[in-house]
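Visitor: Could you walk me through this model and explain the words you use for it?
Guide: Gladly; let us look at it together.

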Amino acid sequence: MGGFILRVLLLLFLPLLCSAEQEKDTSPIRVIENDWTSQIVLSRITGMIFIHQGYKVRYVQASSSEQWGALALGIDHVQVEVWQGTMELMFNRMVSANRILDAGTHSALTREDWWYPGYVEELCPGLPDWRALKRCAKVFATEKTNGKGRYVAGPWEKPEAARIRALELDFIVDQVQTADDLWRELAKAQSQNKAIVLFNWTPNWVEDRYDGKFIEFPAYEPECETDPKWGVNPLYHYDCGNPSGGWLKKAAWSGMPKKWNCAYRTLKNVNFDNATIAQLSARVDVDKLTHEQAAEEWYEANRTKWESWIPDDCH
Ligand code: TMO
């Protein structure tokens with residue numbers, strides 16, 4: 001009888017004796033892969049750390065516009081590179097509505113905006129000041145643009161047409177399908193010494209291989225996107241550039257701290273700087289490693305660093 005009671009008590013209290021860590025939920029953590037290089041490599045590294053901790057991981061592709069609903073519903077769970085310049089609006093909206101979690105900020109400072117390779121300054125004097133684009137839109141024209149300048153946009157949603165209108169630029173937006181298309185357009189323009197202005201960002205491999213600059217539009221302030229009266233054009237929003245020195249954040253499903261506590265707390269500590277992100281993207285886009293190989297290489301060489309991201313009671 002006493003033995004029976006003991007066993008019942010043990011069964012009842014055993015779960016309490018185990019730490020959260022030992023009671024790991026091994027349904028897969030779904031890590032979102034977007035469509036630019038560093039984001040995919042950082043996703044793989046983060047996934048490797050989760051796997052090291054004993055979790056299961058699945059990598060899932062979603063665009064940066066699809067990801068919000070998936071994170072809010074717990075269909076997917078982690079996104080490791082949320083960039084201020086392209087995602088601030090949705091991120092802040094979702095966090096303040098308690099639909100997703102802000103899982104912390106990387107130390108990297110970011111910028112995403114119109115960018116040109118250095119030789120373009122000779123073709124359009126006055127750059128990087130945006131007013132130079134007003135004077136030499138024609139220099140950026142191609143056969144397909146009817147004399148207007150061509151801005152080569154990436155596949156991420158940005159109100160570029162609104163900015164062109166607000167700043168009264170004689171430009172059209174030519175949106176490409178993939179990041180690789182941007183780099184092809186850049187290489188082609190350079191080989192022909194033709195003017196090009198395209199979407200680019202930092203940290204990225206481009207800064208290691210090309211000299212070049214971002215266009216200096218009127219400096220970003222939040223009011224530029226909410227108050228038409230702000231800025232050089234009193235009628236329209238978006239008469240400014242994107243933030244420079246912008247943040248880079250991580251996002252998570254709101255159920256993650258409960259379901260995978262140690263993974264969530266580790267995610268909060270995951271932290272990359274500008275140089276590392278630029279190097280990781282160069283290992284893929286320049287040196288042609290796969291995302292997985294670039295992630296593996298960093299993971300093996302930086303064990304002390306990522307182990308320090310795992311909270312003490314999660315080892
Ligand atoms: C979100 N991105 C870094 C491609 O601009």
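Visitor: Where is the place of Asn 204?
Guide: Asn 204 lies in the loop between β8 and α9 (206-209). Helices (H or I, at least four residues) and strands (E, at least two) are DSSP runs, numbered from the N terminus. A word on the source: this is a predicted model, where local features need pLDDT of at least 70, side-chain atom pairs count only at pLDDT 80 or more, and totals for chains, interfaces and linings use all residues. Residues are numbered from 1 along each chain as its sequence is written, and side-chain values use heavy atoms, leaving out hydrogens and water.

Visitor: Why is Asn 204 called buried?
Guide: Buried means under 20% relative accessible area, exposed over 50%, partly exposed in between (1.4 Å probe, protein chains only). Asn 204 has 2%, so it is buried.

Visitor: And why is Asp 174 called partly exposed?
Guide: Its relative accessible area is 29%, so Asp 174 falls in between those limits and is partly exposed. Asp 174 belongs to strand β7 (residues 171-175).

Visitor: What makes the pair of Asn 204 and Asn 200 side chains a polar contact?
Guide: The term asks for a pair of N or O atoms within 3.5 Å; within protein, one must be able to donate a hydrogen and the other to accept it, and residues adjacent in sequence count only if both atoms are side-chain atoms. These two side chains make their contact at 3.1 Å, so the distance fits the limit.

Visitor: Which residues surround the ligand?
Guide: Among them are Trp 36, Glu 112 and Phe 199. A polar side-chain atom of Glu 112 lies 2.5 Å from an oxygen atom of the ligand.

Key
A residue is near a molecule or strand if one of its heavy atoms lies within 4 Å of it.
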